[in-house]
Amino acid sequence: MPVFIILAGLFSFICAIKDVSWFFNNYKARRFVDTFGYKTTKVIYVVIGLFLMVIGVVALVL
């Protein structure tokens with residue numbers, strides 16, 4: 001299970017860093033873009049990705 005959490009975090013992180021348009025045009029992400037703006041949404045998804053990766057690594061270690 002921790003591996004899937006790490007992969008989900010990595011996916012979010014890479015999509016935010018690489019500026020993948022289909023990722024941010026998703027109807028769920030679109031709400032964040034409309035509310036916070038594009039740059040802030042990218043930062044939010046980078047932070048979420050890093051958080052998930054850290055949680056996954058901690059779960060693997062423990």
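**A walk through a four-helix chain**

Among the elements covering the buried residues of helix α1 are α2 (21–24) and α4. That is a good place to enter this predicted model, and the residues being covered are Pro2, Ile6, Gly9, Ser12, Cys15 and Ala16 of α1.

Let us step back for the overall plan. The protein chain holds four helices and zero strands, and reading along the sequence gives the pattern α-α-α-α. Its C-alpha atoms fill a box of roughly 40 × 20 × 15 Å along the principal axes. Of the 62 residues, 27% count as buried. Among contacts with a separation of 6 or more, 56% link residues 24 or more positions apart.

Now meet two of the helices in turn. Helix α1 has 17 residues and spans 24 Å from its first C-alpha to its last, close to the 24 Å expected at 1.5 Å a residue. Just after α1 comes Asp19, which takes a positive phi of about 60 degrees. Helix α4 has 24 residues and reaches 35 Å between its first and last C-alpha, close to an expected 34 Å.

How do α1 and α4 sit against each other? Helix α1 (residues 2–18) packs against helix α4 (residues 38–61) at an angle of about 160 degrees, and their axes are 7 Å apart. Because an angle over 145 degrees counts as roughly antiparallel, α1 is roughly antiparallel to α4. Their crossing is left-handed.

If you would like to trace this contact in the structure, start on the α1 side, where it is made by Pro2, Ile5, Ile6, Ala8, Gly9, Leu10, Ser12, Phe13, Ala16 and Ile17. On the α4 side, the partners are Lys42, Tyr45, Val46, Ile48, Gly49, Leu50, Leu52, Met53, Gly56, Val57, Ala59 and Leu60. By type, the residues of this contact divide into 17 nonpolar, four polar and one charged.

Helix α4 has its own buried residues: Thr41, Tyr45, Val46, Gly49, Met53 and Gly56. What covers them includes α1, α2 and α3 (27–36).

Two single residues help to make this picture concrete. Take Ser12 to begin with, which lies in helix α1. Is Ser12 buried or exposed? Its relative accessibility is 6%, so Ser12 counts as buried. Leaving aside neighbours within four places in sequence, Ser12 is in contact with Phe23, Tyr45, Ile48 and Gly49. Two of these contacts, Tyr45 and Gly49, are themselves listed among the buried residues of α4.

The second residue is Ala29, whose place is in helix α3. Ala29 has a relative accessible area of 4% and is therefore buried. Which residues does Ala29 touch, not counting those up to four places away in sequence? They are Phe23, Phe24 and Tyr45. Phe23 and Tyr45 also appear among the contacts of Ser12, which makes them handy landmarks as you turn the model. One further distance helps to place Ala29 relative to α4: its C-alpha atom and that of Lys42 are separated by 10.0 Å, with the two residues 13 apart along the chain. Lys42 itself belongs to the α4 side of the contact with α1.

How values were computed: Residues are numbered from 1 along each chain as its sequence is written. This is a predicted model: local features need pLDDT of at least 70, side-chain atom pairs count only at pLDDT 80 or more; totals for chains, interfaces and linings use all residues. Side-chain values use heavy atoms; hydrogens and water are left out. Axes are lines fitted to C-alpha atoms, for helices over the stretch in contact, and angles run from 0 to 180 degrees between N-to-C directions. Helices (H or I, at least four residues) and strands (E, at least two) are DSSP runs, numbered from the N terminus. Angles under 35 degrees count as roughly parallel, over 145 as roughly antiparallel, 65 to 115 as roughly perpendicular and the rest as oblique. A crossing is left-handed if the near helix is turned anticlockwise from the far one by less than a right angle, and right-handed if clockwise. Contact means heavy atoms within 4.5 Å. Ala, Val, Leu, Ile, Met, Phe, Trp, Tyr, Cys and Pro count as nonpolar, Asp, Glu, Lys and Arg as charged, and the others, Gly among them, as polar. The expected span of a helix is 1.5 Å times one less than its number of residues. Buried means under 20% relative accessible area, exposed over 50%, partly exposed in between (1.4 Å probe, protein chains only).
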